[in-house]
Amino acid sequence: MKKTVRSPGSATIINAIATGCGSAFGIGLDIRCEAKTISKGIECANDVGADTTLMDLCVGKVFDFYNINKDDFGISLKTKSDLPMASGLSSSSASSNAIVKVTSEIIADEFDLSPLTDLQTINLAIDASLEAGVTITGSFDDATASYFGGVVVTDNKNRKFIIKEEMEERDILIYMPNFHSKSGESDVERMKVMSPLVEVAYEFACKKDYFRAVNLNGLIYSSALGFNNSIAVDALQSGALASGLSGTGSAFFAIVDENSINHVHESWMKYEGQVIKTKIDNNGCCLL
């Protein structure tokens, strides 16, 4: 038996590290996980040669949920990604969502069981990410934006939704510098100092004023983490609807329209790195 699941990344509206509350939206770059049954054991691989600890933990948690013994049944998985890793675009959330979902679907078919529900999938994926040390808050905002698509505003500490809805389709430009930034290694105390300002940005998100929330959140976190605020300001000056830092970096993104997309792209060409064009994703995690 063979199945494939895709799960998109997400971009940050509010980074939850400072306050425990966050917001994010799905983007068109994704991770695809192809899985097939084998006689026994768990075999994990990816197309970038990265450590497979998170993959192993995700599969293990699904096996444990169904009380499956890996000496009696096995699964082989491989992920393929067009989502930049360690960039603040929720690659870990997208990967864990895809792996947990595809493993659940295969086990459910193989043993005539019910697949995990949406929230069961998300919670197992978050638990694996926390155990692997690739997230600080559990990233309920990133995980749910990746899983459902659209935009979410969340209470990460309690894993609850404030808002979950589709987002108006827009083009997205992503600026990727020539370095990475792992969220699990970020300076948490430095970000928490900014919590009063982040709370203001979060209020914008709760009022569905997502563009202002993106702009303010980006300025706050890029200042706290030492990223170049000029990247976002250049995009805004060039007509972007909103622009900011995603996650704890290193990627910046801009929400653009047909009048600004080329101007924003040109304004970012002076920086070392690459510019990627994608769109808002309202589809989320799904079987292919």
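Q: At roughly what angle do the axes of helix α2 and helix α3 cross?
A: Keep in mind that this is a predicted model. Helix α2 covers residues 91–111 and helix α3 covers residues 118–132. Their axes come within 9 Å, and the crossing angle is roughly 125°.

Q: Is α2 parallel, antiparallel, perpendicular or oblique to α3?
A: The axes of these two helices cross at roughly 125°. Angles of 65 to 115 degrees count as roughly perpendicular and those over 145 as roughly antiparallel. The α2 angle fits neither class, so α2 is oblique to α3.

Q: Which residues of α3 does α2 meet?
A: On the α2 side, the residues are Ser92, Ser96, Asn97, Val100 and Lys101. By class, this contact has four nonpolar, five polar and one charged residues. The α3 partners are Thr121, Ile122, Leu124, Ala125 and Ser129.

Q: How do α1 and α3 lie to each other, oblique or perpendicular?
A: Helix α1 takes in residues 53–66, and its axis comes within 9 Å of that of α3. The two axes cross at roughly 135°. With roughly perpendicular ending at 115 degrees and roughly antiparallel starting over 145, α1 and α3 are therefore oblique.

Q: What is the hand of the crossing where α1 passes α3?
A: The α1 side of this contact includes Leu54, Leu57 and Phe65, and the α3 side includes Leu124, Ala128 and Ala132. The contact residues divide into eight nonpolar, two polar and three charged. As for the hand, α1 passes α3 in a crossing that is right-handed.

Technical notes: Residues are numbered from 1 along each chain as its sequence is written. This is a predicted model: local features need pLDDT of at least 70, side-chain atom pairs count only at pLDDT 80 or more; totals for chains, interfaces and linings use all residues. Side-chain values use heavy atoms; hydrogens and water are left out. Axes are lines fitted to C-alpha atoms, for helices over the stretch in contact, and angles run from 0 to 180 degrees between N-to-C directions. Helices (H or I, at least four residues) and strands (E, at least two) are DSSP runs, numbered from the N terminus. Angles under 35 degrees count as roughly parallel, over 145 as roughly antiparallel, 65 to 115 as roughly perpendicular and the rest as oblique. Contact means heavy atoms within 4.5 Å. Ala, Val, Leu, Ile, Met, Phe, Trp, Tyr, Cys and Pro count as nonpolar, Asp, Glu, Lys and Arg as charged, and the others, Gly among them, as polar. A crossing is left-handed if the near helix is turned anticlockwise from the far one by less than a right angle, and right-handed if clockwise.
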